[in-house]
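Student: I am new to this structure and would like a close look at a single part of it, with its surroundings added step by step. Could you choose a place to begin and explain it carefully?

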Amino acid sequence: MASNLAYQEHLPAAPGWLNKGDNAWQLTAATLVGLQSMPGLVILYASIVKKKWAVNSAFMALYAFAAVLICWVLLCYRMAFGEELLPFWGKGAPALGQKFLTKRAIVTETVHRFDNGTVESPAEEPFYPMASLVYFQFTFAAITLILLAGSVLGRMNIKAWMAFVPLWLIFSYTVGAFSLWGGGFLYQWGVIDYSGGYVIHLSSGISGLTAAYWVGPRLKSDRERFPPNNVLLMLAGAGLLWMGWSGFNGGAPYAANITSSIAVLNTNISAATSLLVWTTLDVIFFGRPSVIGAVQGMMTGLACITPGAGLVQSWAAIVMGMLAGSIPWVTMMILHKKSRFLQEVDDTLGVFHTHAVAGLLGGLLTGLFAEPSLCRLLLPVTDSRGAFYGGTGGAQFLKQLVAATFIIGWNLVSTTIILLVIRLFIPLRMPEEHLEIGDDAVHGEEAYALWGDGEKYDPTRHGSLQSGNTTVSPYVNGARGVTINL
């Protein structure tokens, strides 16, 4: 019986180098990471904020997802993973032509060399086309911008945000990605960032805090009372975020291999442990568990394990989860309230704590717990290991610390410059009247047809349902619409 055409390797669509299992997993992993943002964080952001900001918060995430994709294929993929322009930056170019997208994937500058110049490990060449790799890496870039948005929800001018997204992607994200993943100087030095503890979480947390400083705070009333408008829907978004993380860390080896399996297991172990620890601390100190707190604990566990997910043993994932559920809890619940600077800077969703602190913690712990045999399965540098395993492990921890300093410094400076330039043309913060009203003023749309939460009824925008049998509602701060005379 003749085999199915899809499995005949002589066909142009199935060249000899194509591994259909790896390709299928990479596209699946990319889709899982994409689902973390759209709809995961879109739903989470829309639900965790006050009702009057639901539409705006969701739209900021939705816009970023779309804008990043177009910028990514036009320029930024090859800035992050192309040929070297500078030790921390690649040469920008489009990733759109069929000759580029249908050839075998390769991360051009990932050749690792010994000090004498001889090749230690060749360039990474996954067994699938460039199109799969371009899309996979796009989803990481997109979620970084969306995480950053969590720091400025509820007051950033939407036009300023629309300008900020492409500029930050070009001048901030691509630098970290090339330096650590695309063959840049930190990659060549042997710094470990398995799946974005530094490139994604540390950078989004630091840039989010910086952006919150320059944009300015929410209204005093919003800062004092900012209840989620739908806790159950928030949990649905959080669930998509958690489950999608299997693609986040499972796709990082660029193959469906042993490292991928270890990473998926460790990711879920760390998230569960961190959630339980955070919830326990809430019960001990506040007398009851918090659903929002549990979601925060989940996030810190996921962010913390990311830089070492496929490189640490599962017992270490439990330890990392315990630290991820406690140290960011302390910085958010105790240190934040004692720091005058953190009190003044309005980081809406605490992205600094849940991502910057957790990402930094994970990167440093990877420098301690990276297991030599697991490192040999993936890393290009011979004899990579954490400090707890002796040998060169102490130097590895130092490398992790220096890399974190570079990522923090670059993101702080680049984010500041970008926002100051945008401020010359567009106000960074919404006008006060928009801040009072929310979605209705900014978008002319509302999330729910429920009793009002600050929005104002504008009779000039609404006609009668039927002439002669309706009257305008006298409640100017109530729900928009009309009252029917029965």
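Tutor: A helix here is a DSSP run of H or I with at least four residues, and helices are numbered from the N terminus. With that in hand, please also keep in mind that this is a predicted model.

Let us begin with the second largest cavity, which holds about 30 Å³ of space and belongs to a count of two cavities of 30 Å³ or more. Its lining consists of Trp168, Ser172, Tyr173, Gly176, Tyr198, Val199, Ser203, Ile407 and Asn411. Three helices, α5 (158-180), α7 (197-215) and α16 (393-423), each give at least two residues to this lining, and α5 has the largest share, with four residues. Sorted by class, the lining of this cavity has five nonpolar and four polar residues, with no charged residue.

Since α5 gives so much to that cavity, we can follow this helix to one of its partners. The axes of α5 and α2 (residues 54-81) come within 9 Å and cross at roughly 40°. An angle of this size is not under 35 degrees, the limit for roughly parallel, and does not reach the range from 65 to 115 that counts as roughly perpendicular, so α2 and α5 are oblique to each other. The crossing in which α2 passes α5 is right-handed, and the residues in this contact divide by class into 23 nonpolar, two polar and no charged.

Elsewhere in the chain, α9 (residues 231-250) can be read in a similar way. Its axis and that of α10 (residues 258-286) come within 8 Å and cross at roughly 140°. To count as roughly antiparallel an angle must be over 145 degrees, and α9 and α10 are therefore oblique to each other. The helix α9 passes α10 in a right-handed crossing. On the α9 side the contact is made by Trp242, Met243, Trp245, Ser246, Asn249 and Gly250, which meet Ser260, Ala263, Val264, Thr267, Asn268, Ala271, Ala272 and Leu275 of α10. By class this contact has eight nonpolar and six polar residues, and no charged ones.

The helix α9 also packs against α11 (291-305), at an angle of about 10° and with the axes 11 Å apart. That angle makes α9 roughly parallel to α11. From α9 the contact uses Val231, Met234, Leu235, Ala238, Leu241, Trp242, Trp245 and Asn249, and from α11 it uses Val291, Ile292, Val295, Met298, Met299, Leu302, Ala303 and Ile305. Here the classes are 15 nonpolar, one polar and no charged residues. Trp242, Trp245 and Asn249 thus take part in the contact with α11 and in the contact with α10.

Between α9 and α10 there is a loop, and tyrosine 254 lies in it. Most residues other than glycine have a negative phi. Tyrosine 254, however, has a positive phi of about 65° although it is not a glycine.

The loop leads us on to the second largest pocket, whose volume is about 760 Å³. It is lined by 34 residues, and the closest to its centre are Glu124, Ala252, Tyr254, Leu378 and Pro380. Helix α4 (residues 130-149) gives the most to this lining, with three residues. By class the lining of this pocket has 21 nonpolar, seven polar and six charged residues.

The helix α11 in turn leads to the largest pocket, which contains about 980 Å³ of space. Of the 38 residues in its lining, Gln296, Met332, Thr348, Leu349 and Gly350 lie nearest its centre. Two or more residues of the lining come from each of α1 (20-48), α8 (220-224), α10, α11, α12 (314-338) and α14 (351-369), and the largest share, five residues, belongs to α11. This lining has 18 nonpolar, eleven polar and nine charged residues.

One last detail concerns α1, the helix in which proline 39 lies. Most peptide bonds are trans. The bond that joins methionine 38 and proline 39 is cis, with an omega of about 25°.

Definitions and conventions:
Residues numbered from 1 in each chain as written. Predicted model: local features only at pLDDT ≥ 70, side-chain atom pairs only at ≥ 80, totals over all residues. Heavy atoms only, no water. Axes fitted to C-alpha atoms, helices over the stretch in contact; angles between N-to-C directions. Left-handed = near helix turned anticlockwise from the far one by under 90°. Contact = heavy atoms within 4.5 Å. Nonpolar A, V, L, I, M, F, W, Y, C, P; charged D, E, K, R; others polar. 1 Å grid on protein atoms, 1.4 Å probe; cavity = no way out; pocket = protein on both sides within 12 Å on 5 of 7 lines; lining within 4 Å. Points joined across faces, edges and corners; volume = space filled by probe spheres on them.
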